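This report introduces a single protein chain to a reader who has not met it before. Please look over the sequence and the structure before reading on.

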Amino acid sequence: MESIGMGVFMDGMKKGERKGKKQGRREGKREGKREGKREGRLEDITSLMDTLGWTAEQSMAALKIPEEERSGYVKQLTSRKILIPQ
């Protein structure tokens with residue numbers, strides 16, 4: 001009887017491990033998509049600044065980036081030395 005209980009326990013452990021890995025992959029994909037979107041937007045902002053001579057604000061407005069997200073992009077542009085604080 002004890003070995004049957006151990007087998008059930010081990011099966012449960014394996015199922016839990018698979019479920020955890022699947023959830024981790026799903027969360028990793030979501031985070032990767034968010035990061036990719038942020039990187040793409042930063043490239044778009046930088047491109048508009050370079051090609052059209054626009055400010056970061058003008059570029060973000062043209063790209064319709066929500067106001068509440070803009071300070072994050074400004075921080076990233078500043079940390080990458082693309083935007084120099086005034």
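The sections below treat the basis of the model, the overall form, the surface and the core.

## Basis of the model

The model is predicted; local features need pLDDT of at least 70, side-chain atom pairs count only at pLDDT 80 or more, and totals for chains, interfaces and linings use all residues. Residues are numbered from 1 along each chain as its sequence is written, and side-chain values use heavy atoms, with hydrogens and water left out.

## Overall form

The chain contains three helices and zero strands, in the order α-α-α along the sequence. Helices (H or I, at least four residues) and strands (E, at least two) are DSSP runs, numbered from the N terminus.

The C-alpha trace spans about 75 × 20 × 20 Å along its principal axes. The radius of gyration of the chain is 23 Å, whereas a compact globule of 86 residues would have one near 12 Å. This radius is taken over C-alpha atoms, and the globule rule is 2.2 Å times the number of residues to the power 0.38.

## Surface and burial

Of the 86 residues, 15% are buried, that is, under 20% relative accessible area (1.4 Å probe, protein chains only).

## The nonpolar core

The largest nonpolar core (buried Ala, Val, Leu, Ile, Met, Phe, Trp, Tyr and Cys residues joined through side-chain atoms within 4.5 Å) has eight residues: L42, I45, M49, A56, M60, I65, Y73 and L77. Helix 1 (2-52), helix 2 (56-62) and helix 3 (67-79) each supply at least two residues of this core, and helix 1 gives the most, with three.

Leaving aside residues up to four places away in sequence, M49 touches W54, T55, A56, S59, I82 and L83, where contact means heavy atoms within 4.5 Å.

Methods. Buried means under 20% relative accessible area, exposed over 50%, partly exposed in between (1.4 Å probe, protein chains only).
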